[in-house]
Amino acid sequence: MKTVLITGGTRGIGRDIAFEFLQRGYEVIINYSSNESAAIATQAEFNMLGYCPVLMRADVSDEAQVRDMFSEIFRLYNKIDVLVNNAGISYVGVIQDTTPAEWDRVFGVNVKGAYLCSRAVADRMIGMGGGSIINVSSIWGEVGASCEVAYSASKAALIGFTKALSKELAPSGVRVNCVSPGVIDTTMNSHLTPDEIEELIEQIPMGRLGTGEDVAKACIYLAESGYVTGEVLSVGGGFGK
């Protein structure tokens, strides 16, 4: 049975990605950082549906915690077939109000987290002769968002990371791709007013916000498409195109 690790997988898009992989018969490992009660609640919801995901607590921006998490995963499963680097945080504010600490915090989770997890799994995937790494970027990483410079820059960095790492690992059969969600109906966008949401919907050719399920299905495609690597798959209903 194939195994998948989803970082930041207990809520929002990550939770929907985890659910999609569970339905496809994967052994699912769900990473979370700090909210243990929410993680346990999510696990319980999946248990009620007949699924048994494993929870792994680690701050993906912390090298020691990532190392310990992967040691435990490899002790339990000896492999990871798919890594979904989904853990991410946002920061809303003009650049003058974005402190160096906030900037570092956003890049620490969004970029360093993907680097540390990919680094931790690379040798094992190479030894297996294959594997799939999926990085979750954002439409703002492609086109930029006013008052979200740190977030946009971190998501743009993930795209460059994907392109470079895909070339590095392709000769070993390991594929690296990126999914780029558009405006998705999640709590991360809860700071937007109803009027702002309506304005965004007017700019989306498909006329609606995206869902976590839309993104999750794209992740399944990237996980199982054996000849696709180095790609950025936008899931935004045509927004920003």
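## Aromatic contacts, helix 4 and the parallel strands

F19 is partly exposed, with a relative accessible area of 24%. This residue is a convenient point of entry to the structure, which is a predicted model.

**Aromatic pairs**

The model contains 6 aromatic pairs. In one of them, F19 and Y51 meet edge-to-face, with 6.1 Å from centre to centre and an angle of 75° between the planes. The partners come from distant parts of the chain: F19 belongs to helix 1 (residues 12-23), whereas Y51 sits in the loop between helix 2 (36-48) and strand 3 (54-57), and 32 residues separate the two. The angle of 75° places the pair in the edge-to-face class, because that class begins over 60 degrees. Ring pairs also connect F46 with these residues, giving a cluster made of F19, F46 and Y51.

Is Y51 buried, exposed or partly exposed? Y51 counts as partly exposed, at a relative accessibility of 23%. A second pair is formed by F70 and F74, whose ring centres are 5.9 Å apart; their planes stand at 50°, so this pair is tilted. Both residues lie in helix 3 (residues 63-77), and their spacing of 4 residues corresponds to about one helical turn. An α-helix has 3.6 residues a turn, so positions three or four places apart point the same way. F70 is buried at 3% relative accessibility, and F74 is buried as well, at 14%. F74 has a further contact: R124 lies over the face of its ring, 4.0 Å from the ring centre.

**Helix 4**

Helix 4 covers residues 100-128, and its 29 residues should span 42 Å at 1.5 Å a residue; the C-alpha atoms at its ends are 40 Å apart, which agrees with that expectation. Where is the kink in helix 4 centred? The kink is centred on G108 and amounts to about 40°. After helix 4 comes G129, a residue with a positive phi near 80°.

**Parallel strands**

Strand 1 (residues 3-6) alternates in its side-chain directions: T3 and L5 point one way, V4 and I6 the other, and all of these are buried. Strand 1 runs parallel to strand 2 (residues 27-32), to which it is joined by 4 bridges. Across this pairing, V4 faces V28 of strand 2. The connection from strand 1 to strand 2 passes through helix 1, and the resulting β-α-β crossover is right-handed.

Strand 1 also pairs with strand 4 (residues 82-85), again in the parallel sense, over 3 bridges. Here L5 has L83 as its bridge partner in strand 4. Strand 4 is in turn joined to strand 5 by 4 bridges, and these two strands run parallel. L83 stands opposite I133 in strand 5. A right-handed β-α-β unit is made by strand 4, helix 4 and strand 5.

Strand 5 comprises residues 131-136; 6 of its 6 residues are buried, so the strand is largely enclosed by the rest of the structure. G131, I133 and N135 point to one side of strand 5, while S132, I134 and V136 point to the other. Strand 5 pairs with strand 6 (residues 174-181) in the parallel sense over 6 bridges. In this pairing N135 stands opposite C178 of strand 6.

**Positive phi outside glycine**

Two residues with positive phi deserve a separate note. N78, which is not a glycine, has a phi near 65° and is found in the loop between helix 3 and strand 4. C147, likewise a residue other than glycine, has a phi near 70°; its place is the loop between helix 5 (139-143) and helix 6 (149-169). N78 counts as exposed at 52% relative accessibility, because the limit for that class is over 50%. C147 counts as partly exposed, at 32%.

The accessibility values for individual residues are collected below.

| Residue | Relative accessibility | Class |
|---|---|---|
| F19 | 24% | partly exposed |
| Y51 | 23% | partly exposed |
| F70 | 3% | buried |
| F74 | 14% | buried |
| N78 | 52% | exposed |
| C147 | 32% | partly exposed |

Definitions and conventions
Residues are numbered from 1 along each chain as its sequence is written. Side-chain values use heavy atoms; hydrogens and water are left out. Rings of Phe, Tyr and Trp (its six-membered ring) pair if their centres lie within 6.5 Å; planes under 30 degrees apart count as stacked, over 60 as edge-to-face and the rest as tilted. Buried means under 20% relative accessible area, exposed over 50%, partly exposed in between (1.4 Å probe, protein chains only). A charge sits over a ring if NZ of Lys or CZ of Arg is within 6 Å of the ring centre and within 35 degrees of the ring normal. The expected span of a helix is 1.5 Å times one less than its number of residues. The bend at a residue is the angle between axes fitted to the seven residues ending there and the seven starting there. Two strands pair if DSSP finds at least two bridges between them. A crossover is right-handed if, with the strands pointing away from the viewer, the path from the first strand over the helix to the second runs clockwise.
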